[in-house]
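Colleague: Could you walk me through this structure? Please keep the steps short.

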Amino acid sequence: MPLIMAEPGWPLIPREVLPAPVEPARVRSRRAATTTAPSGKQLSVFGVEAVDPSLADLAGLLAGPGTLGRMGGTARVAVRVDAAWRVHVLVEELVSRGLVVNWHPVAEGSRDEPPADLIAVPIDDEPVDDEPAPEEPAVEELPVEEVADDTVVEPEPAGGKPAELAYEPPKAGQDGQDGQGGEGAPPVAFEVRTAYSSRLNGLARGWPPPSGRLFLNGPRLRLWVAAAGSPRPQGYALGLNPDGLLDKAIDDALARVGLAGTIQAGPAYVIAGRRRLARLAELIGERPAAAPARLWPGSAAA
């Protein structure tokens, strides 16, 4: 006769072997799960805090003065900026998206033939010319005590000077206050550009966007402000590409996110009005450390 559980002698499972009881899951309402800003305001759906960075954000540079280059199955984005602090901010933003970035100073007004990148090459890796270098005339060596200003000239190390980092941005103040050029100094500009990459093919295939398909959210506007944003007496200006091919699409895209403005000389898209400027500051997020306070939307000095 088979045993049943009511009969004595049934092999009961010890309590120590049983797993701990599982508490029932608590269902959180959507209102309670909504992320809020530190100040208590709900974050904007299109702001930088609510959207993860992506390669599609480089559309913000192309909506402004940026240019798109294609080579084979790769693409790159380049933009000319007028201040060293913009180089710092853009390099940080682009590298955070997994891109290789380089920069070089350019002479203002020479868009056709930019100079070569400032990349230091170790002495051992320098190319050797086929023709022998001409012999230099012998120079009489002076003893150390006869060198002017009592300067002791030490020989270079055998390996030569170490190569500098090719991607190190310029110092924020080297081109004048806030990067706008010092008094009496020639105007300085820089070009920031990504390396050619197949990862940018998706952006290249969809650019320029069809009419009504351009979308500008917080991360894209942040790159645009970092590259070509500046305050004006009439409001805040975002630099545009001189060809004007996307002016209508840009106007429609900015109006859809509450930043309707006007195209003015520069060329630039000028956003005016306290509410619109507050909206712009909300979308692009906090000011980067390298950006001057007076040039970033939403700062006390802007």
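What follows is a set of questions and answers on strands, core, rings and salt bridges.

Colleague: What kind of model is this?
Modeller: Keep one thing in mind throughout. The model is predicted.

Colleague: What is the order of the strands in the open sheet of four strands?
Modeller: The pairing in this sheet is antiparallel. From one strand to the next, the twist averages 25°. The order is E1-E2-E4-E3.

Colleague: Which strands stand at the edges of that sheet?
Modeller: Look for a strand with a single partner strand. One side of such a strand is therefore left without a neighbour in the sheet. That picks out E1 (67-71) and E3 (101-107).

Colleague: In E4, what is the bridge partner of Ala-78?
Modeller: Start with the strands. E2 (residues 74-81) pairs with E4 (residues 188-194) in the antiparallel sense, over four bridges. In E4, the partner of Ala-78 is Arg-193.

Colleague: Which helix lies across E2, E3 and E4?
Modeller: The helix spans residues 84-95. It runs at about 5° to E4. It is helix H3.

Colleague: Is strand E6 largely enclosed or left open by the rest of the structure?
Modeller: Count the buried residues of E6, which covers residues 235-239. Buried means under 20% relative accessible area. Five of the five residues are buried, so E6 is largely enclosed.

Colleague: How many residues lie between E5 and E6 in their hairpin?
Modeller: E5 (residues 229-232) and E6 pair in the antiparallel sense over four bridges. Within this pair, Ser-230 has Ala-237 as its bridge partner, and Gly-229 stands opposite Leu-238. The number of residues between the two strands is two.

Colleague: In E8, which residue is the bridge partner of Tyr-236?
Modeller: E6 also pairs with strand E8 (residues 268-271). The sense is antiparallel, and there are four bridges. The partner of Tyr-236 in E8 is Ile-271.

Colleague: How many residues does the largest nonpolar core have?
Modeller: In soluble globular proteins, nonpolar side chains tend to be buried together. In this model, Leu-58, Leu-90, Val-192 and Trp-224 have the most contacts inside the largest core. The core's count of residues is 54.

Colleague: Which residues does Leu-90 touch, not counting those up to four places away in sequence?
Modeller: Leu-90 is one of the residues with the most contacts inside the largest core. Leave out the sequence neighbours up to four places away. Leu-90 then touches Leu-61, Val-79, Val-81, Val-192, Leu-223, Ala-226 and Ala-227.

Colleague: Is the pair of Trp-103 and Phe-190 stacked or edge-to-face?
Modeller: A search of the whole structure finds one aromatic pair. The ring centres of Trp-103 and Phe-190 are 5.9 Å apart, and their planes stand at 70°. Planes over 60 degrees apart count as edge-to-face. So the pair is edge-to-face.

Colleague: How many residues apart in sequence are the parts that this aromatic pair ties together?
Modeller: Trp-103 counts as buried at 9% relative accessibility, and Phe-190 counts as buried at 1%. Trp-103 lies in strand E3 and Phe-190 in strand E4. The pair therefore ties together parts whose separation in sequence, in residues, is 87.

Colleague: With which residue does Arg-222 form a salt bridge at 2.8 Å?
Modeller: The whole structure holds eight salt bridges. Arg-222 lies in helix H5 (residues 218-228), and its partner lies in helix H3, so the pair ties together parts 129 residues apart in sequence. Both residues are buried. The partner is Glu-93.

Colleague: Is Lys-248 buried or exposed?
Modeller: Lys-248 forms a salt bridge with Asp-252, with the closest N and O atoms 2.8 Å apart. The two are four residues apart in helix H6 (residues 247-256), so about one helical turn separates them. Asp-252 is partly exposed at 25%. Lys-248 has 57% relative accessibility, so it counts as exposed.

Colleague: Which residue meets Glu-282 in a salt bridge?
Modeller: The N to O distance is 3.8 Å. Both partners lie in helix H7 (residues 274-284), three residues apart. Glu-282 is partly exposed, with a relative accessible area of 31%. Its partner is Arg-279.

Colleague: Which residues do salt bridges with shared partners join into one network?
Modeller: Recall that Arg-222 forms a salt bridge with Glu-93. Both belong to the network. Its members are Asp-57, Glu-93, Arg-97, Arg-220 and Arg-222.

Key
Residues are numbered from 1 along each chain as its sequence is written. This is a predicted model: local features need pLDDT of at least 70, side-chain atom pairs count only at pLDDT 80 or more; totals for chains, interfaces and linings use all residues. Side-chain values use heavy atoms; hydrogens and water are left out. Buried means under 20% relative accessible area, exposed over 50%, partly exposed in between (1.4 Å probe, protein chains only). Two strands pair if DSSP finds at least two bridges between them. Axes are lines fitted to C-alpha atoms, for helices over the stretch in contact, and angles run from 0 to 180 degrees between N-to-C directions. Contact means heavy atoms within 4.5 Å. A nonpolar core is a set of buried Ala, Val, Leu, Ile, Met, Phe, Trp, Tyr and Cys residues joined through side-chain atoms within 4.5 Å. Rings of Phe, Tyr and Trp (its six-membered ring) pair if their centres lie within 6.5 Å; planes under 30 degrees apart count as stacked, over 60 as edge-to-face and the rest as tilted. A salt bridge is a side-chain nitrogen of Lys or Arg within 4 Å of a carboxyl oxygen of Asp or Glu.
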